[in-house]
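Hi there,

I promised to pass this one on to you, and here it is. Have a look at it first, and then read my notes underneath.

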Amino acid sequence: MALLEIKDLTLSVNSTPILNGLSLEIWEGYVHAVVGPNGAGKSTLANVIMGLPEYRNHGGDILFEGRSIKQLKVDERARLGITLGWQEPARFEGLKVSKFILASARKKDPAEVDRVLTLVGLEPERYRNRAVDRTLSGGERKRIELASILAMKPRLVLLDEPDSGVDIEAIEKIFAAIDYLKSEGATVLLITHSPKVLEKADHAFLICNGFLVDKGEKNKILEYFSGKCLPCPHKNVPDLQVEVKTGGKNG
Amino acid sequence: MAEELVQEILESINLHRSFDKNTPHVVINANQVLSSKVVEGLVIEPEERPDGVLARLRVLKGYKIKQPVHLCFGMLPETGVQRIILEVDIEDEAEVSFMAHCTFPNAVDIQHLMEADIRVGRNAKYSYFERHWHSDEGLVKVVPVARISLAEGARFSTEFELLKGRVGIIDIDYRTTCAARSTAEMKARIFGRQDDKITIREAAVLEGEDSRAVLTTHIAVKDQAVADINNEIIAKAAGARGHVDCKEIIQGKGVARAVPIVEVRNPKAHVTHEAAIGSVDSRQLQTLMARGLSEEEAVDLIVEGLLS
């Protein structure tokens, strides 16, 4: 039985269909990736799985360990072990890193803060008493958010564009944290349009315009994505990375 | 008897075990001075009056008082008026920090009135942290009024915190005049509940060249509490810099109003302001709920951060 089953998921925003009957299965203990161009519906899918209030009015069903979670609120899903790391993590004025992490932690021990900060490559003595606010860079906040996820010991982690806004060194730390999550038995779903992130996955789904285009072993999907999706002049190709690779939208 | 009252006041602010009687301090209950202690360079002259207590605090020229001076203002009776008049003179080149604890543990109907006249001398340094401890019920009316004068190069900071218990009615009115190269920082952090009423008027007048002021107000109101914040900086001199920062979170039927006023009378001066009022940020809320916190727990943590 799959850990998570998405069944015929549909969602429209302002009468525009975003997800069009999407069905997929997430198997426990693997790193999965949902890949596709910008606007394909990847982040929407993650938000629907997490149950964010603006994404609750969808068709189809979501089963976690065979049980529908469609009616569950965000925190109820989180208590089942589902969590989400945002593309742009929130800022919390005045809230210390240590408190932020401990709030998520299953083990309410200050030593846990240091442990997870170290896992994401941040020195505990430099970061534990700082605030999760604008004084931290986007990359630092991304790693602190990931540390809070590690402390939670989740079962299913949705990571939306985990490489967004971070430098090369930080990406390596984030990738190491993904490896750690997998080694701890967690299931990871990466939301990405980056071939480099896709490399971290065992298995991938390719979506476009809210449809599932293909699924399977990551190299197969990577080949399809790089060969056909990236050069595609489709309207869902606004981002800089794609333009560079293709020589521009018309390249 | 006085000893017992001191102990009761210290217990109400959770200092009964750690408080060292040799620490420089003044302890006042209602309008009665219970205890005081000075160190070299610090002069404290408390005087009981029919309508309150006059306390003259002076730090002599050049003295740097290393330990914080504790000011414990308690009102142990259930009802009554406590009026404290502070005359503070920090002489040139002197330094001192005050830790003020205002406690009203049994309040049913209490007024706490404070009138402070503060002069900070040339290159002197003064910091004042005031924490209020109110009961969960009952009515406390707190009216602190301060007029502050900063000489050249003086550094002044004050922080007001009221996070535990009911606010009741609070009406803060501080006004600082800043001479050349002096700096003023005034900060207030208050959590209003039920039908609490919070009014803050803080002003800094930057009279001297290169003077600085930052006025920061972080407020949370819930239930039917109301907050009305009026912070003002007037910059008159070249090189003067100021910033007004007001952030308020409202929950339930709480109402918040912020009026930052900036007035610049010199083309070489610069004053900025920012004000943000609203409910708890949805992304913050969702992030914490996605880690398993209930909505209520998440809101409490976000508010705690803002008011920290």
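Below is what I found, going through chain B, then chain A, then the place where they meet.

Please keep in mind that this is a predicted model.

**The sheet of chain B**

I would start with the sheet in chain B. It is an open sheet of 10 strands with mixed pairing, and its order is E2-E1-E5-E7-E9-E11-E13-E15-E17-E19. At the edges are strand E2 (32-37) and strand E19 (270-278) of chain B, each of which pairs on one side only. From one strand to the next, the twist averages 5°.

For a closer look at one pair inside this sheet, try E11 (residues 155-164) and E13 (residues 183-192) of chain B, which run in the parallel sense and share 8 bridges. Phe156(B) has Ala184(B) as its bridge partner in E13(B).

Both of those residues turn up again around Leu150(B), which sits in strand E10 (residues 139-150) of chain B. Is Leu150(B) buried or exposed? Leu150(B) has 31 other C-beta atoms within 10 Å, and as 20 or more are enough for a residue to count as buried, Leu150(B) is buried. Leaving aside residues up to four places away in sequence, Leu150(B) touches Phe156(B) and Ala184(B), and also Val120(B), Thr176(B), Thr177(B), Cys178(B), Ala179(B) and Ser182(B). Ile219(B), 69 residues from Leu150(B) along the chain, has its C-alpha atom 27 Å from that of Leu150(B).

**The helix at the start of chain B**

Next, helix H1 (residues 2-12) of chain B. This helix lies across E1 (25-29), E2, E5 (69-74), E7 (95-104) and E9 (125-134) of chain B, and runs at about 80° to E2(B). Which residues of H1(B) are buried? They are Val6(B), Ile9(B), Leu10(B) and Ser12(B). Viewed down the axis of H1(B), these buried residues fall within an arc of 160°, so they line one face of the helix. Their packing partners are E1, E2, E5, E7 and E9 of chain B. On the face turned away from the buried side you will find the exposed residues Glu3(B) and Glu4(B). Just after H1(B) comes Asn14(B), with a positive phi of about 60°.

**After helix H3 of chain B**

Ser308(B) belongs to the segment that follows helix H3 (295-306) of chain B. Ser308(B) has 15 C-beta neighbours inside 10 Å and therefore counts as partly exposed. From Ser308(B) to Glu91(B) the C-alpha distance is 32 Å, with their positions 217 residues apart in sequence.

**Chain A**

Chain A has an open sheet of 6 strands, again with mixed pairing, in the order E6-E7-E8-E3-E9-E10. Its edge strands, each pairing on one side only, are E6 (82-85) and E10 (211-217) of chain A. Neighbouring strands here are turned by 15° against each other on average, direction ignored.

E6(A) pairs with strand E7 (residues 156-160) of chain A in the parallel sense, over 4 bridges. Within that pairing, Thr83(A) has Val157(A) as its bridge partner in E7(A). Helix H1 (residues 42-50) of chain A lies across E3 (31-35), E6, E7, E8 (187-192) and E9 (203-208) of chain A, at about 145° to E7(A).

There is also a helix pair to look at. The axes of H3(A) and H4 (residues 110-119) of chain A come within 9 Å and cross at roughly 100°. H3(A) and H4(A) are therefore roughly perpendicular to each other. H3(A) brings Ser98(A), Ile101(A) and Leu102(A) to the contact, while H4(A) brings Pro110(A), Val113(A) and Val116(A). By type, the residues of this contact are 5 nonpolar, 1 polar and no charged.

**Where the chains meet**

How many residues of chain A are in contact with chain B? There are 18, and they contact 18 residues of chain B. On the chain A side, H2 (74-80), E6, H3 (97-104) and H6 (138-152) each supply at least two residues. The largest share, 4 residues, comes from H2(A). The side of chain A that touches chain B divides into 11 nonpolar, 4 polar and 3 charged residues.

Happy browsing, and best wishes!

Terms used. Residues numbered from 1 in each chain as written. Chains lettered and ligands numbered in written order. Predicted model: local features only at pLDDT ≥ 70, side-chain atom pairs only at ≥ 80, totals over all residues. Pairing = 2+ DSSP bridges. Axes fitted to C-alpha atoms, helices over the stretch in contact; angles between N-to-C directions. Contact = placed C-beta atoms within 7 Å. Buried ≥ 20, exposed ≤ 12 C-beta atoms within 10 Å, placed from the backbone. Arc of directions from axis to C-beta. Nonpolar A, V, L, I, M, F, W, Y, C, P; charged D, E, K, R; others polar. Parallel < 35°, antiparallel > 145°, perpendicular 65-115°, else oblique.
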